[in-house]
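The following exercises concern one molecular structure and are each followed by a worked solution. Please examine the sequence and the coordinates before reading on.

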Amino acid sequence: MYSSNRIAYWMSDKKLQKINWKEFEKICIKYNFEIFKLDLNKSLESQGPFNVFLHKLTDIIALENQGDPKSSHIIKAVECYISEHPSIIVIDPIPNVRRLLARYQCYSIIHATGLHKYGIFTPNFCEITSYDKEKTIQQLKDANVRYPFICKPLLGHGSKKAHEMCIIFNEKYLKDCRAPCVAQTFINHNAILYKIFVIGQQFYFVERPSLKNFYESDRKTICFASSDISRANSQSSLSVLDPEDISVQEIKPNPKILQKIAETLRLAFEMDLIGIDVVIENSTGKYGIVDVNAYPGYDGFPNLYDALLQCIISKVNNKNQITDCMISNDNPSNIVLNHLNNT
Ligand SMILES: Nc1ncnc2c1ncn2[C@@H]1O[C@H](COP(=O)(O)OP(=O)(O)OP(=O)(O)O)[C@@H](O)[C@H]1O
Ligand SMILES: O=P(O)(O)O[C@H]1[C@H](OP(=O)(O)O)[C@@H](OP(=O)(O)O)[C@@H](O)[C@@H](O)[C@@H]1OP(=O)(O)O
Ligand SMILES: [Mg+2]
């Protein structure tokens, strides 16, 4: 077995239970790829060589971020192994995942793309750094963040806390901002969210429930867990439109615009496995990107594992690591790529 045919992966047991990973393993074996789960508690050197590392390490990176020594040790060992074996294809590179996990940085990257030319935006945002009311007012003003706005934890993945949010409607309740956090202007979008799932150059989107329309008012802060809102079967009362909003006509998304978003953000984040949450603003019809996730659930993605293997194979081929023998037409990995390209 050539090392260029070996895929090491790591995902939490929670993630592995949710997805039909056995199916992916079967496809890999069928096309002559050895695949194995990396044991992060053992020496990585003893488990090599491998040329692809596919992972969802977000929980461990988040814990490292919070100062957990064990997680920090694991991530350092992985990063050290990767730097000592620079030919390994990492999906996705750890520094890029880190950038995505930090919500402020994530929105800054989206903001810096040229997407606004296509009527695509990320809602105004700023970091709220303290419980000092005057300072917060100034930070909101400087970034043009309007009421109502959503407060989101700085770290966007990896724990229950990362998904606890609140909607602030007025200055009186600014004290409810759980600083430090990111504040982001709330965009009214008739409670419909589109999730774009990206695997390399392929993408797919699904419609999901979302938050109803909200307006600046003297009402109290609303707190919610994002996991209760936009899952496929979520039935939150916060998603039920008020009677005056029901007649508003639903705007169907333009797949070309969603494709533009997928392509642009894949390149901007330099990541192949991302999920992008988009809302269409009622008053303008513009497309607002409200969240980007690493290695999302891919719920409903057609031929998910074919797409994943195709992504891996094209990266392997691009990296020009394959021996003469492997790039011949008889090589099973090229056959699968041709087959997948033709379907
Ligand atoms: N700026 C916004 N305007 C309106 N609604 C928003 C905005 N940002 C988020 N939402 C709503 O809040 C939900 C949760 O926000 P967000 O996606 O940022 O949370 P998350 O914890 O990162 O979610 P995920 O579990 O998908 O990673 C979204 O699914 C959407 O319904
Ligand atoms: O639970 P699902 O399958 O829906 O996947 C969710 C995923 O959980 P998982 O890690 O267990 O896959 C979440 O990751 P963590 O924040 O927990 O790291 C996050 O990426 C969500 O956005 C995903 O929802 P989606 O955007 O795909 O709908
Ligand atoms: Mg998210």
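**Exercise 1. The metal site**

Determine which atoms coordinate the magnesium ion (ligand 3) and at what distances.

Solution. The magnesium ion (ligand 3) is coordinated by D291 (OD), D291 (OD) and N293 (OD1), at 2.0 to 2.8 Å. Donors here are N, O and S atoms within 2.8 Å of the metal (3.2 Å for Na, K and Ca); water is not among the atoms, so sites may look incomplete. Next, consider accessibility, where buried means under 20% relative accessible area, exposed over 50%, and partly exposed in between (1.4 Å probe, protein chains only). D291 is buried, with a relative accessible area of 14%, and N293 is buried as well, at 12%.

The model is predicted: local features need pLDDT of at least 70, side-chain atom pairs count only at pLDDT 80 or more, and totals for chains, interfaces and linings use all residues. Residues are numbered from 1 along each chain as its sequence is written, chains are lettered from A and ligands numbered from 1 in the order in which they are written, and side-chain values use heavy atoms, leaving out hydrogens and water.

**Exercise 2. Strand β1**

Establish which residues of β1 point one way and which the other way.

Solution. Helices (H or I, at least four residues) and strands (E, at least two) are DSSP runs, numbered from the N terminus. In β1 (residues 6-10), five of the five residues are buried. R6, A8 and W10 point one way, while I7 and Y9 point the other way. In a regular strand the side chains alternate between the two faces of the sheet. Two strands pair if DSSP finds at least two bridges between them. β1 pairs in the parallel sense with β2 (residues 34-37) over four bridges, and R6 stands opposite E34 in β2. β1 also pairs with β3 in the parallel sense over four bridges, with Y9 opposite L54 in β3.

**Exercise 3. The largest nonpolar core**

Identify where the largest nonpolar core lies with respect to domain 1 (6-91) and domain 2 (99-294).

Solution. A nonpolar core is a set of buried Ala, Val, Leu, Ile, Met, Phe, Trp, Tyr and Cys residues joined through side-chain atoms within 4.5 Å. The largest has 50 residues, and F53, L57, I261, L265, I276, I289 and V292 touch the most other members. Both domains, whose bounds come from an automatic or database domain assignment, give residues to this core, so it lies between them. Contact means heavy atoms within 4.5 Å; beyond its neighbours within four places in sequence, F53 is in contact with residues including W10, V78 and I82.
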